[in-house]
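Here is a short briefing on one protein model. Keep the sequence and the 3D view open as you read.

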Amino acid sequence: EHWRGESVLILRNRKSGRLWAAGNHCPHAGYPLSEGDIEDLGATFEIAAKLDAPVVSCPAHAYIFDMQRGTCLSESKCPPTTVFEVAIKDGDVHLSKQPRADEEVGSHVLTQDEANQLQLKMVEVALDKKYGKESACHQPSSSK
């Protein structure tokens, strides 16, 4: 979707109906985040549950972004992607006129070690999807 000239990635949790919206570009490399892996691991991976939001990995360098805060979890020096308030009203998707600028945007909920573990979990999930859980291509990591 495009909003005011910016490509926006909108995600919806199928079970809860909850929505997230973020700029559809990696602030580090400019690649479209919609072409990366998108996962909501909160129900299956304790560390991801702290985010209370899905994560998206950039297809260029696998930087991962928290869809609630826009925070880059892979590299602390990478600026956050823009995030928007989003809701469905009368069957239409409504985005805030301006990107969110509250104190939560860009904040870090995870330690760097937790972010690294989450990034490894994202790789594991991607390999499982591509090759299956019993693949000899990887050893599953433990969920701490």
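Two strands count as paired if DSSP finds at least two bridges between them. By that rule, strands S4, S5 and S6 form an open sheet of 3 strands, in the order S4-S5-S6, with antiparallel pairing. The model is predicted. The points below start with the whole chain and then move to single residues.

**Overall layout**

- The protein has 2 helices and 9 strands.
- Along the sequence, these elements follow the pattern β-β-β-β-α-β-β-β-β-β-α.
- The protein has 144 residues, and 41% of them count as buried.
- Its exposed surface is about 8400 Å², with 48% of that supplied by carbon and sulfur atoms.
- Take the contacts with a separation of 6 or more: residues 24 or more positions apart account for 51% of them.

**The S4-S5-S6 sheet**

- Strands of a sheet pair through backbone hydrogen bonds, either parallel or antiparallel.
- The edge strands here are S4 (38-39) and S6, and each pairs on one side only.
- S5 and S6 run antiparallel and are joined by 3 bridges.
- Look for Val 55: its bridge partner in S6 is Asp 66.

**Strand S3 and its partners**

- Strand S3 covers residues 19-23, and 5 of its 5 residues are buried.
- S3 pairs with strand S2 (residues 6-12) in the antiparallel sense, over 5 bridges.
- Across this pairing, Val 8 stands opposite Gly 23 in S3.
- S2 and S3 form a hairpin, with 6 residues between them.
- In the turn of that hairpin, Gly 17 has a positive phi of about 80 degrees.
- S3 also runs antiparallel to strand S7 (residues 83-84), and 2 bridges join them.
- Ala 21 stands opposite Phe 84 in S7.

**Unusual backbone angles**

- Most residues other than glycine have a negative phi.
- Ala 62 is not a glycine, yet its phi is positive, at about 65 degrees.
- Ala 62 sits in the loop between strand S5 (55-57) and strand S6 (64-66).
- Is Ala 62 buried, exposed or partly exposed? Its relative accessible area is 34%, so Ala 62 is partly exposed.
- Asp 90 also has a positive phi, near 55 degrees, and is a residue other than glycine.
- The place to find Asp 90 is the loop between strand S8 (86-89) and strand S9 (92-95).
- Asp 90 counts as exposed because its relative accessibility is 82%, over the 50% cut-off.

**Two cysteines without a bond**

- How many disulfides does the protein have? The count comes to 0.
- Cys 26 is in no disulfide, and the nearest cysteine sulfur, that of Cys 58, is 3.8 Å away.
- Cys 58 is likewise in no disulfide, with the sulfur of Cys 26 as its nearest cysteine sulfur.
- A disulfide needs the two sulfur atoms within 2.5 Å, and these are 3.8 Å apart.
- Cys 26 is buried, with a relative accessible area of 1%.
- Cys 58 counts as buried too, at 3% relative accessibility.

**Ser 74 and its contacts**

- Ser 74 lies in the loop between S6 and S7.
- Its relative accessible area is 16%, so Ser 74 is buried.
- A polar atom of the Ser 74 side chain lies 2.7 Å from the backbone nitrogen of Ile 64.
- The side chains of Ser 74 and Gln 119 make a polar contact, at 3.4 Å.
- Leaving aside neighbours within four places in sequence, Ser 74 is in contact with Ala 62, Tyr 63, Ile 64, Gln 112 and Gln 119.

**Nonpolar cores**

- The largest nonpolar core has 15 residues.
- Which of them touch the most other members? They are Leu 33, Phe 65 and Met 67.
- S2 and S3 each supply at least two residues of this core.
- Met 67 has contacts beyond its neighbours within four places in sequence, among them Leu 9, Leu 11, Trp 20, Ala 21 and Val 83.
- A second, separate core has 13 residues, including Phe 45, Val 55, Leu 73 and Leu 118.
- Val 55 therefore appears twice in this briefing: as a member of that second core, and as the bridge partner of Asp 66.

Conventions
Residues numbered from 1 in each chain as written. Predicted model: local features only at pLDDT ≥ 70, side-chain atom pairs only at ≥ 80, totals over all residues. Heavy atoms only, no water. Helix = DSSP H or I, 4+ residues; strand = E, 2+ residues; numbered from the N terminus. Buried < 20%, exposed > 50% of the residue type's maximum accessible area, 1.4 Å probe, protein only. Contact = heavy atoms within 4.5 Å. Areas by Shrake-Rupley, 256 points an atom, 1.4 Å probe, with all protein chains shown as cover. Polar contact = N/O pair within 3.5 Å; in protein donor to acceptor, adjacent residues only side chain to side chain. Core = buried A, V, L, I, M, F, W, Y, C linked by side-chain atoms within 4.5 Å.
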